[in-house]
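Let's take a friendly walk through two spots in this model. Have the sequence and the 3D view at hand as you read.

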Amino acid sequence: MWLKRYLAFGPNRPLWAFLADALLANNTPASENSVPMDIRTNCYLQSWTTSTSPCSSQPTDLLKMIKTGQKYGVRIEGLAFDRNILRDMPIWHHIFADPRIRRLTNSSASNCLRLKHNLQTVGEAEDLAAPLIRVNGIQLQHRFNGQCECRDCIEIQELTECEHPHHCMLRAQELLDTLPPKWDPRAEQPADYEGNFTNFSVSQEENIFDYRLTTAGDLSDLFRVFTDKDHTPANETFVCNGELITVATDGSCINNGQDTAIAGAGIYFAKDDPRNKSLKLPQMAGGTKLTQSNQAAELLA
Ligand SMILES: [Zn+2]
Ligand SMILES: [Zn+2]
Ligand SMILES: [Zn+2]
């Protein structure tokens with residue numbers, strides 16, 4: 001539960017969690033020495049690791065917290081994420097970025113981003129790189145040279161004392177390009193197609209199936225326990241055409257609670273509809289034996 005509160009990003013994050021951030025960032029194995037201190041935000045959101053060795057100077061309570069997280073498979077998991085979440089992620093050493101992002105961190109172009117622009121998040125990188133975007137093949141105001149005097153370049157120079165905004169925009173773009181589409185706010189996301197879910201109204205006996213893949217909320221909503229680290233869910237876009245289909249489903253179990261129990265479920269669309277189905281609960285799922293029971297049958301349904 002300490003870990004859950006530690007990962008409670010957002011306005012109600014406890015003060016000690018910020019202290020823990022600093023301690024975890026300071027106590028890292030020698031292999032992380034090349035990771036600049038100023039980019040070490042959080043080792044659950046970034047690819048640097050903190051010490052888990054009992055010989056390190058890591059405080060015992062934090063060691064316990066980290067070990068508990070490892071034991072129960074706490075990590076980021078989900079099919080798709082709201083753009084606010086994608087933009088709130090730290091850009092430096094982003095945990096899902098291509099490993100080449102680690103090399104991009106230590107270079108003079110990145111030093112300007114880190115130290116002058118104070119660039120920290122994916123969203124800030126996206127905003128900085130935005131003037132590079134061409135609309136229908138036409139470059140907007142920004143000119144691709146060191147002498148550009150567009151509004152963005154002038155504002156960047158005034159706010160950050162950066163002397164070469166164009167270079168820094170290119171580097172921000174390069175950093176974003178290390179993100180897989182699922183984590184890139186510039187890419188199409190399932191949220192773009194999911195429609196306005198709350199718009200549907202239904203009668204009392206019906207439950208609306210929440211078809212959305214997108215995790216909304218903030219960074220704390222990304223974490224799951226009991227995850228399988230070898231499994232990464234695919235991100236397939238589901239297109240909602242705004243049409244409602246009513247389907248009846250139910251599960252049941254014969255000889256519930258006995259050794260001879262057999263569980264199954266039915267799906268009913270309409271009379272003689274080819275999509276109608278009856279299903280048996282499998283004996284095994286992914287190496288785990290499934291108990292034939294009423295509850296399992298209802299879940300199957
Ligand atoms: Zn610079
Ligand atoms: Zn410009
Ligand atoms: Zn700069």
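Is Gln292 buried or exposed? In this predicted model, Gln292 has a relative accessible area of 11%. Because buried means under 20% relative accessible area, Gln292 counts as buried.

## Around Gln292

To find this residue, look at the loop between β11 (288–289) and α10 (294–300), where Gln292 lies. Its side chain makes polar contacts with backbone oxygens: a polar atom of the Gln292 side chain lies 3.3 Å from the backbone oxygen of Leu281, and the side chain also reaches the backbone oxygen of Pro282 at 3.5 Å.

Leu281 and Pro282 also appear among the residues in contact with Gln292 once neighbours within four places in sequence are left aside. Gln283 is on that list too, as are Cys253, Asn256, Ala261, Ile262 and Ala263.

## The zinc site

Now turn to the zinc ion (ligand 2). Its coordination comes from one histidine nitrogen, His142 (ND1), and from the sulfur atoms (SG) of Cys148, Cys150 and Cys153, at 2.0 to 2.4 Å. Along the chain, these donors follow the spacing H-x5-C-x1-C-x2-C.

The angles among the four donor atoms run from 103 to 116°, and the site is tetrahedral. For comparison, the ideal angle for four tetrahedral donors is 109.5 degrees.

How accessible are two of these cysteines, Cys150 and Cys153? Cys150 has 7% relative accessibility and Cys153 has a relative accessible area of 2%, so Cys150 counts as buried and Cys153 is buried as well.

Notes: Residues are numbered from 1 along each chain as its sequence is written. Chains are lettered from A and ligands numbered from 1 in the order in which they are written. This is a predicted model: local features need pLDDT of at least 70, side-chain atom pairs count only at pLDDT 80 or more; totals for chains, interfaces and linings use all residues. Side-chain values use heavy atoms; hydrogens and water are left out. Donors are N, O and S atoms within 2.8 Å of the metal (3.2 Å for Na, K and Ca); water is not among the atoms, so sites may look incomplete. Four donors count as tetrahedral if all angles lie between 85 and 135 degrees; four count as square planar and six as octahedral if opposite donors are over 155 degrees apart and all others between 65 and 115; anything else is irregular. Buried means under 20% relative accessible area, exposed over 50%, partly exposed in between (1.4 Å probe, protein chains only). Helices (H or I, at least four residues) and strands (E, at least two) are DSSP runs, numbered from the N terminus. A polar contact is a pair of N or O atoms within 3.5 Å; within protein, one must be able to donate a hydrogen and the other to accept it, and residues adjacent in sequence count only if both atoms are side-chain atoms. Contact means heavy atoms within 4.5 Å.
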